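Let's take a friendly walk through the open spaces of this protein and see what surrounds them. The structure comes first, and the tour follows.

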Amino acid sequence: MLIDFHTHTTASDGALDPCALLARAQALSITALAITDHDTIAGFEAVRQSPPTDLRLIAGIEISCVWGGVTIHVVGLGFDPDASAIQALLARLDDARRQRAVKIAERLASRNMPGGLDGARAIAGAAQIGRPHFAQWMVQAGHVVDTGTAFSRYLGQGKVGDIKAFWPALREAVEGITDSGGVAVLAHPLKYRMTRMKLQALCRDFASAGGLGLEILNGRQTSDETARLKRLAQEFQFAVSVGSDFHRDWQYGADLGVDSRVVGTMPTVWESLL
Ligand code: AMP
Ligand code: MN
Ligand code: MN
Ligand code: MN
């Protein structure tokens with residue numbers, strides 16, 4: 001069975017609009033899927049009434065938040081999209097993204113790259129604006145040769161355009177999901193490049209905030225990494241989740257769909273959602 005609980009659309013920084021994403025999922029015979037755009041459910045909202053037959057579409061989101069000075073992503077699944085808690089959090093995140101974009105543009109302007117706010121906004125259009133839109137603008141404006149360079153020099157972790165001051169705290173993100181009847185999943189734990197002890201501290205705080213799930217598979221990863229994440233999930237008694245983190249056809253990224261057998265006999269977040 002192919003499933004996927006981590007995907008992006010044009011509502012954030014993905015290349016496919018929600019209809020095209022679902023059509024692709026259907027063509028691949030994926031049976032259950034969540035659209036988890038960064039800090040918005042607009043993509044999910046656009047198709048929630050009309051998913052393809054034989055595909056279970058679950059409410060989803062990937063929330064940006066901070067913990068211990070690091071930007072953390074929390075995937076929310078199966079919440080009531082109309083609940084007041086998630087709606088309040090969405091408004092908070094929308095505001096944060098707008099203020100952050102202004103700040104990123106200021107920082108880039110200070111490095112002789114003026115006009116980034118209008119540039120990135122034009123590229124984002126109706127999408128939730130983010131660093132990938134700034135990266136694309138920087139390529140267009142001739143400041144860098146490709147988006148990878150934009151991240152490695154200016155936008156990536158610890159660089160001048162990496163602004164996290166506006167994000168809510170981890171607990172606020174988790175509570176917004178759980179108070180709306182959803183399951184909070186700690187996304188791609190290995191991507192934060194934390195020491196083992198710091199990652200354990202994160203898991204403890206995530207669990208104490210009400211987090212129930214851990215993403216043991218995110219896109220392309222080695223079997224060693226999956227084994228390590230399975231042990232981490234067991235240690236904290238998290239249910240497991242999996243997803244492609246699909247954004248676009250890209251040689252370093254995974255296509256939609258994960259073989260559900262990868263979880264073996266571990267408890268899963270989708271048992272309670274499907
Ligand atoms: P934001 O949501 O604005 O913080 O931007 C984060 C997004 O940028 C991630 O979800 C990725 O899709 C993308 N991203 C992060 N790092 C890189 C990178 N080194 N190269 C290309 N895209 C990246
Ligand atoms: Mn992204
Ligand atoms: Mn992420
Ligand atoms: Mn993602």
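Helix 3 is the element that gives the most to the lining of the second largest pocket, contributing three residues. Please keep in mind that the model you are looking at is a predicted one.

The second largest pocket holds about 240 Å³ of space. Its lining is made of 13 residues, and those nearest the centre are Arg98, Gly125, Ala127, Gln128 and Ile129. Besides helix 3, helix 4 (116-124) also gives two or more residues to this lining. Sorted by class, the residues lining the second largest pocket are seven nonpolar, three polar and three charged.

Now for the largest pocket, where the volume is about 1,700 Å³. Here 49 residues form the lining, with Phe151, Lys191, Asp245, His247 and Trp250 nearest the centre. Several elements give two or more residues to this lining: the strands are strand 4 (60-67), strand 5 (70-77) and strand 7 (213-218), while the helices are helix 3, helix 5, helix 6 (147-155) and helix 9 (223-236). Which element gives the most to the lining of the largest pocket? That is helix 5, with five residues. The class count for the lining of the largest pocket is 14 nonpolar, 21 polar and 14 charged residues.

What takes up space in the largest pocket? The answer is ligand 1, whose space is that of the largest pocket. Helix 3 (84-109) and helix 5 (131-140) are the elements that give two or more residues to the shell around this ligand. The residues surrounding ligand 1 are Asp13, His38, Arg97, Arg100, Gly130, Arg131, Pro132, Phe151 and His247. Two of these names, Phe151 and His247, also appear among the residues nearest the centre of the largest pocket. By class, the shell around ligand 1 has four charged, three polar and two nonpolar residues.

Three polar contacts to ligand 1 can be set side by side:

| Residue | Protein atom | Partner | Distance |
|---|---|---|---|
| Asp13 | polar side-chain atom | oxygen atom of ligand 1 | 2.9 Å |
| His38 | polar side-chain atom | oxygen atom of ligand 1 | 2.9 Å |
| Arg131 | backbone N or O atom | oxygen atom of ligand 1 | 2.8 Å |

On its own, ligand 1 has 500 Å² of accessible area, and the protein covers 69% of that. When you look at the model, Asp13 and His38 are good places to begin, since each brings a polar side-chain atom to an oxygen atom of the ligand.

How values were computed
Residues are numbered from 1 along each chain as its sequence is written. Chains are lettered from A and ligands numbered from 1 in the order in which they are written. This is a predicted model: local features need pLDDT of at least 70, side-chain atom pairs count only at pLDDT 80 or more; totals for chains, interfaces and linings use all residues. Side-chain values use heavy atoms; hydrogens and water are left out. A residue is near a molecule or strand if one of its heavy atoms lies within 4 Å of it. A polar contact is a pair of N or O atoms within 3.5 Å; within protein, one must be able to donate a hydrogen and the other to accept it, and residues adjacent in sequence count only if both atoms are side-chain atoms. Accessible areas come from the Shrake-Rupley method with a 1.4 Å probe; for residues, only the protein chains shown count as cover. On a 1 Å grid over the protein atoms alone, a cavity is a set of points where a 1.4 Å probe fits but cannot get out, and a pocket is an open set with protein on both sides within 12 Å along at least five of seven lines; lining residues have an atom within 4 Å of a point. A molecule sits in a cavity or pocket if more than half of its atoms lie within 2 Å of its grid points. Helices (H or I, at least four residues) and strands (E, at least two) are DSSP runs, numbered from the N terminus. Ala, Val, Leu, Ile, Met, Phe, Trp, Tyr, Cys and Pro count as nonpolar, Asp, Glu, Lys and Arg as charged, and the others, Gly among them, as polar. Grid points are joined across faces, edges and corners, and a volume is the space filled by probe spheres set on the points.
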